[in-house]
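Thank you all for coming. I would like to spend a few minutes on the cysteines of this structure, and then say something about how the chains are arranged.

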Protein chains: 2
Amino acid sequence: MFTHEYFMRQALQQAQIAFQNNEVPIGAVVVCGDTIVAKAHNQTELLQDVTAHAEILAITAATQHIGAKYLPNCKLYVTLEPCVMCSGAAFWAQLGELIFGASDPKRGFSVLAPAALHPKTMVTRGILAEECGALVKQFFLNKR
Amino acid sequence: MFTHEYFMRQALQQAQIAFQNNEVPIGAVVVCGDTIVAKAHNQTELLQDVTAHAEILAITAATQHIGAKYLPNCKLYVTLEPCVMCSGAAFWAQLGELIFGASDPKRGFSVLAPAALHPKTMVTRGILAEECGALVKQFFLNKR
């Protein structure tokens with residue numbers, strides 16, 4: 001039951017909330033064991049804060065929830081490949097595993113900062129990539 | 001009067017506050033025109049939040065203060081070269097100018113993410129570098 005697809009679908013639900021709120025539709029969840037300890041969606045518009053990406057909010061919420069600064073035993077699921085900022089945050093959090101949906105060839109870390117993550121962070125990409133990417137594309141199509 | 005050294009000394013004062021609070025001693029100020037609109041120091045220990053770097057706190061405080069999401073007409077002074085996360089935040093903020101003190105060859109963005117900043121962001125390095133770097137070195141020497 002607790003597959004990558006299962007948790008990515010939870011992240012996708014967060015992205016859909018962002019979409020409905022006129023935020024760039026990116027969602028994230030943090031999972032420890034089989035338990036979701038944090039859910040977040042992009043809130044840069046609501047908070048008028050460019051650092052309020054889904055990943056940053058999810059990492060911060062997760063550490064607050066578990067009462068520790070580091071997340072070596074946690075997985076971060078995010079619908080879009082993290083940007084440079086968020087991959088740097090994942091490094092400092094010593095994230096155990098990163099799983100993302102769609103790639104972001106323009107601002108994704110794997111192009112701009114390929115060595116940004118902690119060497120121990122496992123990376124899986126492409127989970128529900130089509131759905132995750134389609135939501136972002138639709139958002140920007142609507143904006144034109 | 002309002003030289004790079006003047007504002008870097010303000011950032012250094014922030015770093016010293018961090019030092020006194022047993023935080024990795026890094027400080028930052030954001031300047032618009034000749035006015036300091038935000039001051040911050042690293043608070044990762046106090047907040048138990050790995051994203052609470054001086055630059056992130058200063059950028060967020062500055063945008064809140066001026067009521068805008070972007071900082072194209074602002075300068076960020078920071079005592080140590082920003083990490084990958086903070087350079088990514090500076091990108092999203094469309095920062096006008098980055099001025100930093102000591103270089104960080106280990107975690108600094110210029111090694112790990114040289115294209116992270118916004119193409120319009122001007123960069124000046126090495127302002128009060130020795131003092132800025134000495135404070136960080138002293139902090140880690142005390143920790144041993």
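Let me begin with one residue in chain B, namely Cys74(B), which is buried, with a relative accessible area of 3%. Please keep in mind throughout that what you see is a predicted model.

What does Cys74(B) pair with? A disulfide joins Cys74(B) to Cys32(B), and the distance from sulfur to sulfur is 2.1 Å. As for where the two partners sit, Cys32(B) belongs to strand 1, residues 27-32 of chain B, while Cys74(B) belongs to strand 3, residues 74-80 of that chain, so that the pair links distant parts of the chain, 42 residues apart. The torsion about this S-S bond, between Cys32(B) and Cys74(B), is about 70°, and the disulfide is therefore right-handed. Cys32(B) also counts as buried, at 17% relative accessibility, where the cut-off for that word is under 20%.

Turning to chain A, we find a disulfide between Cys32(A) and Cys74(A), with the sulfur atoms 2.2 Å apart. Cys32(A) lies in strand 1 (residues 27-32) of chain A and Cys74(A) in strand 3 (residues 74-80) of chain A, so this pair ties together parts that are 42 residues apart in sequence. Here the torsion about the S-S bond of Cys32(A) and Cys74(A) is about 65°, which makes this disulfide right-handed. Cys32(A) is buried at 19% relative accessible area, and Cys74(A) is buried at 3%. Over all chains, the count comes to two disulfides.

That leaves a question about other cysteines in chain B: why is Cys86(B) not bonded to Cys83(B)? The sulfur of Cys83(B) is the closest cysteine sulfur to that of Cys86(B), but the distance is 3.8 Å, which is too far for a bond, given that a disulfide needs the sulfur atoms within 2.5 Å. Cys86(B) is buried, at 2% relative accessibility. For Cys132(B), the closest cysteine sulfur is that of Cys86(B), 15 Å away, and this too is too far for a bond; Cys132(B) counts as buried at 1% relative accessibility.

Finally, let us look at the two chains together. A turn of 180°, with a shift of 0.0 Å along the axis, lays chain A on chain B with an RMSD of 0.0 Å. The two copies are thus related as by a two-fold rotation axis. Which residue of chain A comes closest to the rotation axis? That is Met85(A), whose C-alpha is 1.9 Å from the axis. Of the interface residues of chain A, 100% are also interface residues in chain B, so the copies meet through the same surface.

Notes. Residues numbered from 1 in each chain as written. Chains lettered and ligands numbered in written order. Predicted model: local features only at pLDDT ≥ 70, side-chain atom pairs only at ≥ 80, totals over all residues. Heavy atoms only, no water. Helix = DSSP H or I, 4+ residues; strand = E, 2+ residues; numbered from the N terminus. Buried < 20%, exposed > 50% of the residue type's maximum accessible area, 1.4 Å probe, protein only. Least-squares fit on C-alpha atoms with pLDDT ≥ 70 in both. Contact = heavy atoms within 4.5 Å.
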